[in-house]
Amino acid sequence: MAYVKEAVAKLVPLSKIEHKAVELLLDAAFGRDRIERTAYKVRAGVAPIASLSFAALGGGELLGTAQSWPVLLKPHHSPAQRLIMVGPVAVRPDAQDHGIGQMLTDAICEELDSRKLSATMIGDPEYYERFFGFVSGPAGGWTLPGPVEPHRILLRAVPGADWPAEGTLGPDILRSAR
Ligand SMILES: CC(C)(COP(=O)(O)OP(=O)(O)OC[C@H]1O[C@@H](n2cnc3c(N)ncnc32)[C@H](O)[C@@H]1OP(=O)(O)O)[C@@H](O)C(=O)NCCC(=O)NCCS
């Protein structure tokens with residue numbers, strides 16, 4: 001039976017949720033082969049940023065999760081630039097299409113805006129452009145540590161920020177999670 005939106009109680013920090021429960025939800029949303037995806041390689045070896053990672057709870061159950069990670073863009077001819085990688089955003093299959101993905105991503109975007117942080121993600125532009133201001137195109141020339149369709153590399157830049165059209169994206173292993 002499909003989940004009903006009215007039962008969604010709240011967002012909480014993802015750090016409040018047991019790791020195993022998060023992994024099971026991600027398996028349900030993306031499949032167990034998800035860890036082979038390029039997105040996982042981009043932020044290999046770093047911990048999620050606690051203040052930019054959320055869980056959606058409803059009726060005492062975990063319905064969705066969203067994580068953010070510290071990553072680094074290394075342009076070919078200029079110094080490395082730090083940014084945030086958002087994702088995965090995942091909603092339990094029986095709870096999808098009830099606004100939970102938007103709640104989770106909105107919470108991250110509000111925090112990004114208040115801290116004036118630019119972010120990238122690998123995702124469907126039809127969803128993330130439409131609702132959240134991520135843009136397909138400017139980051140399409142970036143190199144990632146695995147295959148990716150260029151139009152799925154999205155960028156949500158702070159107004160006025162200058163992001164190079166080329167560079168290699170990877171984990172920011174020196175940055176502590178906050
Ligand atoms: C993608 C996902 C996070 C969206 O969250 P959600 O709670 O199901 O969706 P929301 O209720 O916030 O938004 C619903 C709207 O977004 C649209 N939408 C949902 N997923 C979409 C997608 N992948 N691409 C384009 N549009 C999408 C729906 O059609 C709906 O549009 P409507 O309001 O015009 O009917 C969730 O469905 C999910 O976890 N899916 C499995 C993982 C996945 O396929 N991810 C692909 C994106 S990286």
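Where does serine 15 lie? Serine 15 sits in the loop between strand S1 (8–13) and H1. Helices (H or I, at least four residues) and strands (E, at least two) are DSSP runs, numbered from the N terminus. Before going further, please keep in mind that this is a predicted model: local features need pLDDT of at least 70, side-chain atom pairs count only at pLDDT 80 or more, and totals for chains, interfaces and linings use all residues. Residues are numbered from 1 along each chain as its sequence is written.

## Burial and exposure

A residue is buried if 20 or more other C-beta atoms lie within 10 Å of its own, exposed if 12 or fewer, and partly exposed in between, with C-beta atoms placed from the backbone. Serine 15 counts as partly exposed because it has 13 C-beta neighbours inside 10 Å. Its C-alpha atom is separated by 15 Å from that of alanine 107, 92 residues apart along the chain.

Alanine 56 has its place in strand S2. Alanine 56 is buried, because 28 other C-beta atoms lie within 10 Å. The C-alpha atoms of alanine 56 and leucine 14 are separated by 8.5 Å, with the two residues 42 apart along the chain.

## The ligand shell

Let us turn to the ligand. A residue is near a molecule or strand if its C-beta atom, placed from the backbone, lies within 6 Å of it. The ligand is surrounded by 16 residues, and the closest are Gln96, Gly101, Gln102, Gly123 and Glu126. Two or more residues of this shell come from each of helix H1 (19–30), strand S4 (81–91), helix H3 (100–114) and helix H4 (125–132). By type, the shell divides into seven nonpolar, six polar and three charged residues. Here Ala, Val, Leu, Ile, Met, Phe, Trp, Tyr, Cys and Pro count as nonpolar, Asp, Glu, Lys and Arg as charged, and the others, Gly among them, as polar.

## Two helices of the shell

The expected span of a helix is 1.5 Å times one less than its number of residues. H3 has 15 residues and should span 21 Å, so the 21 Å between its end C-alpha atoms agrees. Buried in H3 are Ile100, Gly101, Leu104, Thr105, Ile108, Cys109 and Leu112. H1, with 12 residues, reaches 16 Å from its first C-alpha to its last, close to the 16 Å expected.

Some residues in or beside these elements have a positive phi, as gathered here.

| Residue | Place | Phi |
|---|---|---|
| Glycine 31 | just after H1 | about 95 degrees |
| Aspartate 97 | loop between S4 and H3 | near 65 degrees |
| Lysine 116 | loop between H3 and S5 | near 55 degrees |

Aspartate 97 is exposed, because 10 other C-beta atoms lie within 10 Å. Lysine 116 also counts as exposed, because it has 10 C-beta neighbours inside 10 Å.

## Strand S4 and its partners

S4 is mostly covered, with eight of its 11 residues buried. Proline 88 lies in this strand, and a cis peptide bond with omega of about 0 degrees joins glycine 87 to proline 88.

Two strands pair if DSSP finds at least two bridges between them. S3 and S4 pair in the antiparallel sense over nine bridges, and they form a hairpin with six residues between them. In S4, arginine 82 is the bridge partner of leucine 72. S4 also pairs with S5, in the parallel sense over two bridges, and methionine 85 stands opposite threonine 120 in S5.

S3 has a further pairing: with strand S9 (residues 167–171) in the antiparallel sense over four bridges. There, lysine 74 stands opposite threonine 168 in S9. Strand S7 (residues 142–143) pairs with S9 in the parallel sense over two bridges, and tryptophan 142 has glycine 167 in S9 as its bridge partner.

## The nonpolar core

In soluble globular proteins, nonpolar side chains tend to be buried together. A nonpolar core is a set of buried Ala, Val, Leu, Ile, Met, Phe, Trp, Tyr and Cys residues joined through C-beta atoms within 7 Å. The largest nonpolar core holds 42 residues, of which Ile84, Met85, Ile108, Ala119 and Met121 touch the most other members. Among the elements that give two or more residues to this core are helix H2 (38–42), strand S2 (54–58), strand S3 (61–74) and strand S8 (153–156). S4 provides the largest share, seven residues.

Two residues are in contact if their C-beta atoms, placed from the backbone, lie within 7 Å. Not counting residues up to four places away in sequence, alanine 119 touches Leu83, Ile84, Met85, Val86, Leu112 and Arg156.
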